[in-house]
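Here's a quick report on how one sheet is put together and how one chain is built overall. Take a look at the structure, then read on.

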Amino acid sequence: MVLYDQWYIAAFADELQDEILARTFCHQPVVLYRLDDGGVVALEDRCCHRHLPLSKGKLTDNGLQCGYHGLTFDRTGACVSVPGQSLVPPGAHVRPYRTEERHGLIWIWMGDERNSDPVEIPDYHWIDDPAWATVGGSIPLKAHYMLSIDNLLDLTHEYYVHNSTLGAEAIADHPVRTERFDSSVRVTRWIHDEDPGPFWRMALGRDIDCDRWQIVNFHLPSHTMLDVGVAPTKTGAPKGDRSQAIEGRVCISLTPIDDRNSWYFWAFCRNFRTDDPDMDTTFQKAVTGAYMEDVTVLEAQQAMMDITENPWKIDVNADAGQLAGRRLYDDALRRQESQLQAAE
Amino acid sequence: MVLYDQWYIAAFADELQDEILARTFCHQPVVLYRLDDGGVVALEDRCCHRHLPLSKGKLTDNGLQCGYHGLTFDRTGACVSVPGQSLVPPGAHVRPYRTEERHGLIWIWMGDERNSDPVEIPDYHWIDDPAWATVGGSIPLKAHYMLSIDNLLDLTHEYYVHNSTLGAEAIADHPVRTERFDSSVRVTRWIHDEDPGPFWRMALGRDIDCDRWQIVNFHLPSHTMLDVGVAPTKTGAPKGDRSQAIEGRVCISLTPIDDRNSWYFWAFCRNFRTDDPDMDTTFQKAVTGAYMEDVTVLEAQQAMMDITENPWKIDVNADAGQLAGRRLYDDALRRQESQLQAAE
Amino acid sequence: MVLYDQWYIAAFADELQDEILARTFCHQPVVLYRLDDGGVVALEDRCCHRHLPLSKGKLTDNGLQCGYHGLTFDRTGACVSVPGQSLVPPGAHVRPYRTEERHGLIWIWMGDERNSDPVEIPDYHWIDDPAWATVGGSIPLKAHYMLSIDNLLDLTHEYYVHNSTLGAEAIADHPVRTERFDSSVRVTRWIHDEDPGPFWRMALGRDIDCDRWQIVNFHLPSHTMLDVGVAPTKTGAPKGDRSQAIEGRVCISLTPIDDRNSWYFWAFCRNFRTDDPDMDTTFQKAVTGAYMEDVTVLEAQQAMMDITENPWKIDVNADAGQLAGRRLYDDALRRQESQLQAAE
C-alpha cells in the first residue's frame with residue numbers, strides 16, 4: 001500500500017529539460033515534459049486509444065503526439081487532434097497530474113487533485129538558496145519506501161552500516177531524543193566535545209573536537225530533512241549559536257514506484273565552502289558512497305521480507321523514532337482506507 | 001486465448017534442414033525434424049516417460065531418440081523401442097501434429113487434426129514462384145499476435161512509426177477503404193500522382209511521381225498478404241494495368257507462442273530486379289528495419305497492457321480495418337469456446 | 001514438498017572456514033559459521049528485529065552481529081546484546097539448527113530437533129578415510145532433488161546421457177537387479193569380461209577387459225553411495241575378491257533448497273593412486289563433466305515439468321530402482337503429512 005493524496009518528488013528540476021521523462025509513481029506510469037514557457041506537464045503515460053506509452057511519442061507545437069497513430073494531447077490530457085479526421089471522439093483524454101516546481105524539484109500529486117494544496121509541499125528551500133551549495137541525486141531503490149524512512153529515522157544504524165564512511169565509534173552510545181507531532185517526527189542527537197568523525201573532519205579541514213548534531217525531521221508521507229553540523233567545542237552550538245559552525249541540510253525524500261520499489265531523491269546542502277567545486281565532488285562521492293551502503297541493507301531486507309511471512313518480532317530502544325514514524329504512516333494509511341470505503 | 005483449429009506457420013522450409021528444431025506454438029512445445037525423404041515430422045516436445053524435451057535427443061534410423069533413456073519415437077509419435085526390453089508399454093506415444101510443406105513454408109495444425117484441411121492454407125505462392133524474388137525472416141515477438149494484426153490492418157501508423165523508413169508525409173491523408181468478407185478483411189489505399197517515398201524511389205531507381213497502392217488482405221487466424229506497388233502516374237495502375245508497375249507481395253503471418261508471445265514470419269516478394277542480389281540485401285535491410293520499428297511499438301504496447309486493467313477507451317476512423325479484423329477474430333474465438341463447451 | 005526431519009548436507013567441511021556462509025535449505029535461509037573452537041553454528045539467516053539476513057553482518061567475540069543495528073546472537077540463536085540498552089528484549093532470538101560435522105561434511109537437521117539423532121547420518125566415511133583419495137564438489141541444481149535421485153537410481157541413462165564421458169556401448173544391455181529395504185534401495189549391475197569404457201580404462205592405465213560393477217545404494221531422504229569398480233576379468237570380483245580391483249565410492253547427496261532447486265554434493269573416493277595429484281585433477285574433471293551432462297538433462301526436465309500439468313505417462317523396466325526409491329520417498333512424505341496434521 002502507498003499513500004496517494006500526497007505531494008511526492010517526481011524529479012529534480014534539472015532532470016526535466018527538453019527530453020520527455022517516463023517514470024512510474026504509486027503504480028501509475030507518468031510521462032513528464034516541459035512546455036516552451038518552462039511549465040511542467042505530467043500525464044498518464046498510456047494513450048487512451050491503443051495503450052502505447054505516450055513517452056514513446058514526440059513533442060509537437062500542439063502537444064504530446066502518440067508515436068503509434070499520432071493522437072495529440074495537450075497539457076490537460078485532452079486529445080486535441082486525431083489524424084485523418086476532424087472530430088476528436090468523446091472520451092479521448094488521458095489523466096493529467098498536478099505538478100508544482102519548487103525548491104529545484106518537480107512535485108507531483110498522484111491522488112485526487114481536489115485534495116491537493118501546494119502549501120503542503122515540504123520546505124526544502126536550501127536546495128535553491130544561493131547561500132547554500134547543493135549536490136544531490138535520484139536513485140531507484142528496490143525496497144518499499146518506508147524501509148528507507150525507517151532507516152533515516154534511526155540514528156543507530158550509522159555505526160553498523162556506515163562505519164567506514166560516516167561513522168565514528170563514539171556516536172552509537174549518545175542518547176537520541178524523539179519528539180512526535182501531528183504529522184511529523186523529530187529525532188535529535190547531540191554529541192558534545194568529540195572527534196567529529198572522518199566526514200566532518202574532512203569538511204572542517206582541521207582536526208579539532210566538536211559539538212556535533214544530527215536532527216532528523218520526518219514529515220508524512222516520506223519527506224525527511226536532516227539538520228546536521230559541527231561547531232568547535234563550547235562555541236555555543238547546543239544553545240543555538242551556530243556562528244562558528246559548519247552546517248548541512250540533507251533533504252531526502254522517497255517516492256513510491258510500487259509496493260517494493262521507490263525513487264530515492266537526496267540533496268545535501270551546505271553553508272560552507274559553497275563556491276568550492278572540489279568540495280562538491282567530495283560531498284557527491286561521500287554521500288553517494290554512504291547511500292550505497294544503505295541500498296545494500298535495504299534491498300537485502302526487502303528481499304528477505306519478500307520470502308518471509310513472519311512480521312518483525314521485536315523492537316529495541318533505538319527504534320523510538322522509527323516507531324513514531326510508522327505510527328504516523330499507519331494512521332494515514334488507515335485514514336486513506338476509510339476514505340476509500342466511504343467513497344464507494 | 002489463441003485459436004487452435006487453424007493452420008499456422010511453424011518455420012520457413014529452409015529453417016528445417018538436418019537439425020532438430022524446438023519451438024512452442026499455442027502453448028505447446030513442439031519438436032520438428034525432417035525424414036530422409038524430406039518429409040516433415042512435428043511431435044509433442046516432451047517424452048511421455050520422464051518429460052525430457054525430445055529435442056534434446058537425436059535422430060536415429062528408427063526415429064527420434066530421447067536423450068535421457070533412449071525411448072525412440074516414429075513419425076506418428078508412437079514409441080517404437082525402449083532400451084532393455086522387447087515390449088513397448090501401452091500408452092507410450094507423444095502427440096503428433098499434422099504438417100504441410102507449401103510455398104516454402106512448413107505449416108502446422110495445433111488443434112484437432114480431424115478438422116484440418118490443407119485447402120485452407122493461405123495462398124503465399126509468390127514465395128517460391130520463380131517469377132518473384134523473395135527475402136524474409138522469422139522473428140520472435142513479445143506481444144500477442146493480434147496486436148501485430150491490428151498493426152498490419154492499420155495503414156495510418158506508417159507515417160508515425162515508419163516515417164524515416166517507409167513513410168512519406170503525403171500518405172497519411174489518403175482515404176482507406178475497408179471491405180469485410182466471411183473470414184477475411186481487405187483494406188485498400190490508392191495514392192495518385194505523388195512522390196512514392198524513399199522506399200519505392202530506391203526500388204524504382206528513378207525519381208518520378210507515381211500512382212501507388214497498398215492493399216492489405218487479412219485472413220483468419222493471423223495471415224496477411226500485402227499487395228503493394230507503384231506505377232508511373234497515369235499508366236493505368238488504378239484501373240488494373242500494372243504493365244509498367246513494380247510490385248511486391250508481402251506475406252506476413254503470426255503464429256501464437258502463448259498469450260503474450262508470437263512468431264512473426266515475413267516474406268517480401270518482388271517482381272522486379274529479381275536476379276539482383278544487391279536488391280535482395282537492400283530489401284532485407286529495409287524491411288527488417290521497418291519491422292524493428294513495429295517491434296518497439298508492439299512490445300511497449302504489450303508491456304503496458306500487462307500492467308493495465310482498463311480496456312482501450314476510444315476508437316478512431318483509421319481503426320476501421322483493425323476493428324473489422326478483430327470482429328472476425330472475436331467471433332472465431334467465441335465459436336471455439338462454444339465448441340469446447342459442447343465437447344465437454 | 002520436501003522432507004524436513006532428516007539429516008542433509010549443508011556444506012563440505014572445508015567450505016566452511018573463516019567466512020560466513022549463507023545458504024537456503026528446505027525453504028529456510030540459513031547462516032553458517034565456525035566458532036574459534038572449530039564448532040559449527042547454523043542459525044536462521046534473518047534477524048528477528050528487522051529481517052536483515054544475519055549473513056550480511058560480521059563475527060564478533062560475542063557472536064554473530066547483525067549488519068544493520070548491531071544485535072548480536074550467540075550459537076544458540078539467543079540475542080545476547082542490543083546496542084544502546086542493557087536489557088535484551090524478550091523473544092529476541094533466531095532459530096538455531098542442529099549440525100554435526102562428520103566424514104568431512106557439515107550435516108544439518110532442518111526439522112524438529114527433538115527428532116534428530118546423529119546415528120542416522122549416512123556412512124560416507126570414505127571421504128576422510130586416509131586409505132582413500134577424494135575429489136568432490138557442491139553445485140546448485142535448478143531441479144527438484146528427487147529428479148536427481150531418479151537419475152542416480154537409473155543405471156540405463158548412462159548410455160544415452162554419458163556416452164561420451166562414462167558410457168560404453170556395451171553396458172546398456174546388462175541386467176540390473178533392484179533390492180528394496182525398509183528405508184533404502186539397492187540397484188546392482190555386473191558387467192563381465194568387457195571393455196571397461198573410457199573412464200575406467202584411463203583409471204586402470206591399461207587396456208584390458210574387466211569385470212565391472214555399479215552398485216547404487218539409496219537411503220532416505222536423498223543420500224546415495226555408488227560402489228563402483230573394475231577388476232581384471234575372472235580375478236574373482238563378482239564373488240567378492242577385490243584384491244586386484246580398483247574401486248570407487250561415490251557419495252552423492254542432494255539437499256533441497258526449495259521445490260525446484262537443490263544442492264548437489266558429490267565426492268568421488270578412490271582406493272588407487274591415492275597420492276597422485278594428476279589423478280585427482282583427472283577425476284575432478286571427468287566427474288564434473290559427466291555431472292554437467294546430468295545437469296543439462298535434469299534442468300530441462302524440470303523446466304518442462306514447470307509448464308506441464310500432465311503426470312509422467314509410462315514407466316519402463318529400467319525404472320525399477322527409481323520406482324522403488326520414489327515409493328520410499330512418497331511413503332515418507334505421507335508419514336510427514338500425517339504427523340503435521342496430528343500436530344495441528
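What follows covers a sheet in chain C and then the overall build of chain A.

Keep in mind that this is a predicted model.

Let's start with the sheet. Seven strands of chain C make up an open sheet, running in the order E11-E17-E16-E15-E14-E13-E12, with antiparallel pairing. At the edges sit strand E11 (133-141) and strand E12 (176-180) of chain C, each pairing on one side only. From one strand to the next, the twist averages 15 degrees.

Zooming in on one edge, E12(C) pairs with strand E13 (residues 184-194) of chain C over five bridges, in the antiparallel sense. In that region, Val176(C) stands opposite Arg189(C) in E13(C).

There's a helix on this sheet too: helix H1 (residues 145-152) of chain C packs on it, and its direction makes about 160 degrees with that of E16(C). The strands of chain C that H1(C) touches include these:

| Strand touched by H1(C) | Residues |
|---|---|
| E14(C) | 210-219 |
| E15(C) | 223-232 |
| E16(C) | 246-258 |
| E17(C) | 261-270 |

H1(C) also touches E11(C).

Now for chain A, which has five helices and 17 strands. Its radius of gyration is 22 Å, close to the 20 Å that the globule rule gives for 344 residues, so chain A is as compact as a globular protein of that length. Along the principal axes, the C-alpha atoms of chain A fill a box of roughly 75 × 50 × 35 Å. Of its 344 residues, 45% count as buried. As for contacts in chain A between residues at least 6 apart in sequence, 54% join residues at least 24 apart.

Notes
Residues are numbered from 1 along each chain as its sequence is written. Chains are lettered from A and ligands numbered from 1 in the order in which they are written. This is a predicted model: local features need pLDDT of at least 70, side-chain atom pairs count only at pLDDT 80 or more; totals for chains, interfaces and linings use all residues. Two strands pair if DSSP finds at least two bridges between them. Helices (H or I, at least four residues) and strands (E, at least two) are DSSP runs, numbered from the N terminus. Axes are lines fitted to C-alpha atoms, for helices over the stretch in contact, and angles run from 0 to 180 degrees between N-to-C directions. Two residues are in contact if their C-beta atoms, placed from the backbone, lie within 7 Å. The radius of gyration is taken over C-alpha atoms; the globule rule is 2.2 Å times the number of residues to the power 0.38. A residue is buried if 20 or more other C-beta atoms lie within 10 Å of its own, exposed if 12 or fewer, and partly exposed in between; C-beta atoms are placed from the backbone.
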